[in-house]
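Work through these exercises with the sequence and the structure side by side. Try each task before you read its solution.

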Amino acid sequence: MPISIKSEREIELMREAGRILKITHEEMAKAVKPGISTFELNKIGEEVIRSYGCIPSFLDYNGYPASICVSVNDEVVHGIPSKKRILKEGDIVSLDAGVIYKGYHSDAARTHAVGKISDEAAKLIEVTRQSFFEGMKYAREGCHLYDISAAIGAYAESFGYGVVEDLVGHGIGQQLHEDPQIPNFAMKRRGPKLQAGMTLAIEPMINMGGYEVEWLDDDWTVVTLDGSLSAHYENTILITKGEPELLTR
């Protein structure tokens, strides 16, 4: 499938979806502290999204039972919020959320420290975030899609971290997941050439240990196979004639 090029009108709608998602993440971040449940974080996120007249992208998506994916410590992505799951000092928590505004999606994720965390955990969060920005150096018209992938992977792997291979980024627009798939690791080919008007969700998922993951019995929660910590950083971006525009920050 060709990668869709968005019209100026579509880009404006996605900008607004991104702006609302940025605010949602800011409000959830304020609430991250020891003692809060993952259920409460989901509630806060959903309330912010609905307060703007928007719909959470994730709720009921392929049967997912919540609005926000809340993944703790060795959970990579798709953690299901629960009243029983209480965050404690030293945890790290990844919040992944999406917004539908007038039929267009935005998607973004952030990993947060819960209280005081170890230096090792803080470094993992920062390297994961920076790996996204290493990829952004190639997110411009005329570069190739997998140039982004290779830059993300090379940076994260230079710290000895495992780059998740079973989950990838994606195109985004009227659908939450559109073509193309966007790995966070080098591919044999350079992939399609980037063009202004493409909208992509770039999302490094980086493990402190090995890259291997497994799915829990709930069929949603993805965890590191070796039990090591995992971090996630994602923005919805717009390819332009110059620097990429980050729609969700």
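**Exercise 1. Is Lys 30 buried, partly exposed or exposed?**

Solution. Start with the ground rules. This is a predicted model, where local features need pLDDT of at least 70 and side-chain atom pairs count only at pLDDT 80 or more, while totals for chains, interfaces and linings use all residues. Residues are numbered from 1 along each chain as its sequence is written, and side-chain values use heavy atoms, with hydrogens and water left out.

Next, take the cut-offs: buried means under 20% relative accessible area, exposed over 50%, and partly exposed in between (1.4 Å probe, protein chains only). Lys 30 has a relative accessible area of 61%, so Lys 30 is exposed.

**Exercise 2. Find the salt-bridge partner of Lys 30, then look for other pairs in helices.**

Solution. Side chains of opposite charge can pair when their charged atoms come close. The rule used here asks for a side-chain nitrogen of Lys or Arg within 4 Å of a carboxyl oxygen of Asp or Glu.

- Step 1. Lys 30 pairs with Glu 27, with the closest N and O atoms 2.9 Å apart. Both lie in helix H1, three residues apart, about one turn of the helix. Glu 27 is partly exposed, at 31%.
- Step 2. Glu 26 and Lys 22 form a salt bridge at 3.0 Å, N to O. This pair also lies in H1 (residues 8–31), four residues apart. Glu 26 is partly exposed at 37%, and Lys 22 is partly exposed at 32%.
- Step 3. Go to helix H2 (residues 38–51), where Glu 46 and Arg 50 are four residues apart, so about one helical turn separates them. Their salt bridge spans 2.8 Å, N to O.
- Step 4. Look for a network. Salt bridges link Glu 8, Glu 12, Arg 15 and Glu 245.
- Step 5. Count. The rule gives 15 salt bridges.

Helices (H or I, at least four residues) and strands (E, at least two) are DSSP runs, numbered from the N terminus.

**Exercise 3. How many bridges join strand E4 to E5?**

Solution. Two strands pair if DSSP finds at least two bridges between them. E4 (residues 92–101) and E5 are joined by 10 bridges and run antiparallel. Ala 97 stands opposite Ala 108 in E5. The two strands form a hairpin with two residues between them, and Lys 102 in the turn has a positive phi of about 50°. Now check burial: nine of the 10 residues of E5 (residues 104–113) are buried, so the strand is largely enclosed by the rest of the structure.

**Exercise 4. Describe the surroundings of Glu 203.**

Solution. Locate Glu 203 in the loop between strand E9 (199–202) and strand E10 (205–207). Its relative accessibility is 7%, so Glu 203 counts as buried. Contact means heavy atoms within 4.5 Å. Leaving aside neighbours within four places in sequence, Glu 203 has contacts that include Asp 96, His 170, Asn 184 and Tyr 233. Asn 184 is 19 residues from Glu 203 in sequence, with 7.5 Å between their C-alpha atoms.
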